[in-house]
4 protein chains.
Amino acid sequence: MHNKHINKTEIRIIYADTDQMGVVYHANYLKFFEIGRTEFVRELGMSYKTCEENNIFLPVKEAFVDYKKPFKYDDIIVVHSYIGKLKNVAVKIDYEIYHKETNVLHTTGYTLHPFVNSEGRIVKPHDEIYNIFLKGQ
Amino acid sequence: MHNKHINKTEIRIIYADTDQMGVVYHANYLKFFEIGRTEFVRELGMSYKTCEENNIFLPVKEAFVDYKKPFKYDDIIVVHSYIGKLKNVAVKIDYEIYHKETNVLHTTGYTLHPFVNSEGRIVKPHDEIYNIFLKGQ
Amino acid sequence: MHNKHINKTEIRIIYADTDQMGVVYHANYLKFFEIGRTEFVRELGMSYKTCEENNIFLPVKEAFVDYKKPFKYDDIIVVHSYIGKLKNVAVKIDYEIYHKETNVLHTTGYTLHPFVNSEGRIVKPHDEIYNIFLKGQ
Amino acid sequence: MHNKHINKTEIRIIYADTDQMGVVYHANYLKFFEIGRTEFVRELGMSYKTCEENNIFLPVKEAFVDYKKPFKYDDIIVVHSYIGKLKNVAVKIDYEIYHKETNVLHTTGYTLHPFVNSEGRIVKPHDEIYNIFLKGQ
């Protein structure tokens, strides 16, 4: 038994993120997921840019967000990103976003990413890249 | 038996919507859903602004997107919005986004909205507002 | 003497456009300028996409906005776009944004665009494209 | 003679920031300016949130950007923010954005902010707040 690999990335909420309800506009959480996912992959020892240079792209096929509690201007949020499920041709990343100061869980969600080559075909990535995701579980 | 009420709203994709993959950035579909939802509610005979002036807010509790085919710069998209499920204290809006020129379905998804009053409490809206959703099914 | 060619494009403000001050977030006006500019060029008889297919790109070199009065949620804004100055290798587009209901001028600004070919070199476009801008003055 | 106070804030470019030209979409630089400005004010010993809690708001009255060289996906940018001019009722913040790896200047610009109270009236802030800007020059 081993511990799941979890990346924790901090982001401070800016005005641009908020809407007139005084809270973060809901679409922006998908950007926070992107930031978390990118840092997660980087922490595994590979930048997403490297991934693309090896002709492996991870477009978003599905996205889901559960908004439990809103975040507000100037909050520091902590995005936890980890592999929810790894298959030969796709990876599901799960997210939990906590309020840094209170440690309360505000948001959960996931994104689903097929592995796609430069022609847009779904493929299993070669071992060098696939193993990085394998060990990242 | 009656036909479901469906609002159809057209949006043209701009540079701001795209990312470096040459397609629409995935978070932006939640904005297209917002535009569709707003026009759907307006078509039912009430602006969302009116809703708020009656102290009924519909924050987003859940959002889901299934990205089947990407949209590109200058595409005209057609957002179909309709009520997926209506409960006393929440409404689920379903979306289908079609490519105007080809009529092909590119995206589906939903957003879930509790009815909330100005103190943030979940409530059943008074009949005048609730009936508008009822007849919008 | 002739009248300046002015494109007038309407946009309705959505939640995504606003921030917690209850008004449109200032960066979003550059998106409204983009929408106005695109429709202006289309009205001249050419889509910006066609422009790109002819290897002429108009990146933004400078942008300026003067925020006189804020816009709010659900406002319909009218973006007036016209050529401020046309040179051999660049075009300056001027913008005025009016509140549709009140006809009051809320925002002015400009963007400056060099004509650039696919290698990123500044060029004078061939006559077919250049003349479209010429007659658009 | 003294050195100007300059805040330097790093931001990593994400997919959401880019457009289909493969570079950062021009409107997003105003968000980078906001991040730099916020950290600049925080470094002076006051959060912008505190500012607002003292009923002093700094809406954006003018914004200008000169795009000299584009930034790309995964670049780390360094936003330099400092006071360009301080008057009794307004402050102009200047920005320079450098590429972290190459140290090359890619972008310059400014934003102009009147001091405004909670009724929207332009005012000189009380000394406690004004002096923070004074010493920040």
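Two strands are taken to pair if DSSP finds at least two bridges between them. In this predicted model, strand β2 (residues 62–67) of chain A and β2(B) are joined by five bridges. The two strands run antiparallel. Within this pairing, A:Val65 stands opposite B:Ala63 of β2(B).

The β2(A)-β2(B) pair belongs to an open sheet of ten strands. The order is β1(A)-β3(A)-β4(A)-β5(A)-β2(A)-β2(B)-β5(B)-β4(B)-β3(B)-β1(B). Pairing in the sheet is antiparallel. Its edge strands are β1 (7–12) of chain A and β1 (7–12) of chain B. Each of these edge strands pairs on one side only. From one strand to the next, the twist averages 20°.

At the chain A edge, β1(A) is joined to strand β3 (residues 76–86) of chain A by six bridges. These two strands also run antiparallel. A:Arg12 has A:Ile76, in β3(A), as its bridge partner.

In chain B, a helix lies across the strands. Helix α1 (residues 28–43) of chain B crosses β1, β2 (62–67), β3 (76–86), β4 (90–99) and β5 (105–114) of that chain. The helix runs at about 140° to β1(B).

The contact between the chains was examined next. Twelve residues of chain B and twelve residues of chain A take part. On the side of chain B that touches chain A, the elements giving two or more residues are α1 and β2 of chain B. β2(B) supplies the largest share of that side, with six residues. By class, the side of chain B that touches chain A holds seven nonpolar residues, one polar residue and four charged residues.

The arrangement of the two chains follows a simple rule. Two copies of a chain are related by a rotation about an axis and a shift along it. Here, a turn of 180° and a shift of 0.0 Å along the axis lay chain B on chain A with an RMSD of 0.0 Å. The relation is therefore that of a two-fold axis. The same surface serves both copies, as 100% of the contact residues of chain B recur in chain A. Among the residues of chain B, B:Phe64 comes closest to the rotation axis, with its C-alpha at 2.2 Å. B:Phe64 falls within the residue range 62–67 given for β2 of chain B, the strand that is joined to β2 of chain A.

Definitions and conventions. Residues numbered from 1 in each chain as written. Chains lettered and ligands numbered in written order. Predicted model: local features only at pLDDT ≥ 70, side-chain atom pairs only at ≥ 80, totals over all residues. Least-squares fit on C-alpha atoms with pLDDT ≥ 70 in both. Contact = placed C-beta atoms within 7 Å. Helix = DSSP H or I, 4+ residues; strand = E, 2+ residues; numbered from the N terminus. Axes fitted to C-alpha atoms, helices over the stretch in contact; angles between N-to-C directions. Nonpolar A, V, L, I, M, F, W, Y, C, P; charged D, E, K, R; others polar.
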